[in-house]
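Colleague: I would like to learn how to read a model of this kind from the overall fold down to single side chains. Could we go through it feature by feature?

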Amino acid sequence: MLIPTGTYALPGGHLDFGESFEQCAAREVKEETGLNVQDVRFLTATNTVFGDAGKHYVTIFMTAMVVVNIDGSVPEPQALQHTSNVTSMRTSLISLGKRLEPDRCEGWSWCTFTELRKMPAQEKKLFEPLHSLMEQRPDICASLETLATA
């Protein structure tokens, strides 16, 4: 499913044949942002119905930690490719569209989960599965916000 222009989303995509959730998340983050991740874990799953497209998606949300640079700094994402539903425990990598496919992504930036949750009130458009996460899993969202302040 293509993410509409001007829509914020996490890195993500579809599983390759025989691929685990963890392998898919790490691959998609690398392909789309150039970042390497480790400690990739299942967070939750949500249902999203795209009525206009006649599609029903089950989105698998994963968590991961970004592999830091040798000097301990956190690398910046590159404008690479499409979108995996991966969020780190402390910050989320959010895209306005998708980048490593420059015709499909305006760029990547870091934000906290709290900032992500405030985006709709700021009239920023989120990809529908992010709304599903917030509506269907409020307890997980509250935990992610708590971790971001720890």
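**Reading the model**

Modeller: Let us begin with one position, bearing in mind that this is a predicted model: Phe21 belongs to helix α1, which covers residues 21-33.

Colleague: How many helices and strands does the protein chain have, and what pattern do they follow along the sequence?

Modeller: The protein chain has four helices and seven strands, and read along the sequence they follow the pattern β-α-β-β-β-β-β-α-β-α-α. Of its 150 residues, 41% count as buried, while the accessible surface comes to about 7,900 Å², with 53% of that area belonging to carbon and sulfur atoms.

Colleague: Where should I look for the nonpolar cores, and which residues touch the most other members of the largest one?

Modeller: The general idea is that in soluble globular proteins nonpolar side chains tend to be buried together. Here the largest nonpolar core has 14 residues, and Phe113, Leu116, Met119, Leu126 and Leu130 are those that touch the most other members. Helices α2 (113-118), α3 (128-136) and α4 (138-149) each supply at least two residues of this core. Apart from it lies another core of eight residues, including Val29, Leu35, Val37 and Met62.

Colleague: Which residues make a nonpolar patch on the surface?

Modeller: Leu15, Phe21 and Phe42 make a nonpolar surface patch of about 280 Å². Phe21 has a relative accessible area of 34%, and because that value falls between the cut-offs of 20% and 50%, Phe21 is classed as partly exposed.

Colleague: How should I read a charged residue such as Arg27; is it buried or exposed?

Modeller: For a charged side chain, one can take its accessibility and its partners together. Arg27 lies in helix α1 and has a relative accessible area of 18%, so it counts as buried, the limit being under 20%. Leaving aside neighbours within four places in sequence, Arg27 is in contact with His14, Leu15, Asp16 and Glu19.

Colleague: What salt bridges does Arg27 form with Asp16 and Glu19?

Modeller: The side chains of Arg27 and Asp16 meet in a salt bridge at 3.3 Å, N to O. This pair links distant parts of the chain, since Arg27 is in helix α1 and Asp16 is in the loop between β1 (7-9) and α1, eleven residues apart. Arg27 also forms a salt bridge with Glu19, where the closest N and O atoms are 2.7 Å apart. As for the acidic partners, Asp16 is partly exposed at 40% relative accessible area, whereas Glu19 counts as buried at 16%.

Colleague: How many salt bridges are there, and which residues are joined into one network?

Modeller: The count comes to six salt bridges. One of them joins the side chains of Asp39 and Arg41 at 2.7 Å, N to O; Asp39 is partly exposed at 42% relative accessibility, and Arg41 is partly exposed at 47%. Salt bridges that share partners join Asp16, Glu19, Arg27, Glu28 and Glu31 into one network.

Colleague: Finally, what does the side chain of Thr48 make a polar contact with?

Modeller: Thr48 lies in strand β2, residues 37-50, and its relative accessibility of 2% is under the 20% limit, so Thr48 counts as buried. Its side chain makes a polar contact of 2.7 Å with the side chain of Ser132. Not counting residues up to four places away in sequence, Thr48 touches Lys55, His56, Tyr57, Glu128, Pro129 and Ser132. The C-alpha atoms of Thr48 and Val58, ten residues apart along the chain, are separated by 6.4 Å.

How values were computed:
Residues are numbered from 1 along each chain as its sequence is written. This is a predicted model: local features need pLDDT of at least 70, side-chain atom pairs count only at pLDDT 80 or more; totals for chains, interfaces and linings use all residues. Side-chain values use heavy atoms; hydrogens and water are left out. Patches are made of residues with over 30% relative accessible area and no salt bridge: like charges are joined within 9 Å, nonpolar side chains (Val, Leu, Ile, Met, Phe, Trp, Tyr) within 5 Å. Accessible areas come from the Shrake-Rupley method with a 1.4 Å probe; for residues, only the protein chains shown count as cover. A salt bridge is a side-chain nitrogen of Lys or Arg within 4 Å of a carboxyl oxygen of Asp or Glu. Buried means under 20% relative accessible area, exposed over 50%, partly exposed in between (1.4 Å probe, protein chains only). Contact means heavy atoms within 4.5 Å. A nonpolar core is a set of buried Ala, Val, Leu, Ile, Met, Phe, Trp, Tyr and Cys residues joined through side-chain atoms within 4.5 Å. A polar contact is a pair of N or O atoms within 3.5 Å; within protein, one must be able to donate a hydrogen and the other to accept it, and residues adjacent in sequence count only if both atoms are side-chain atoms.
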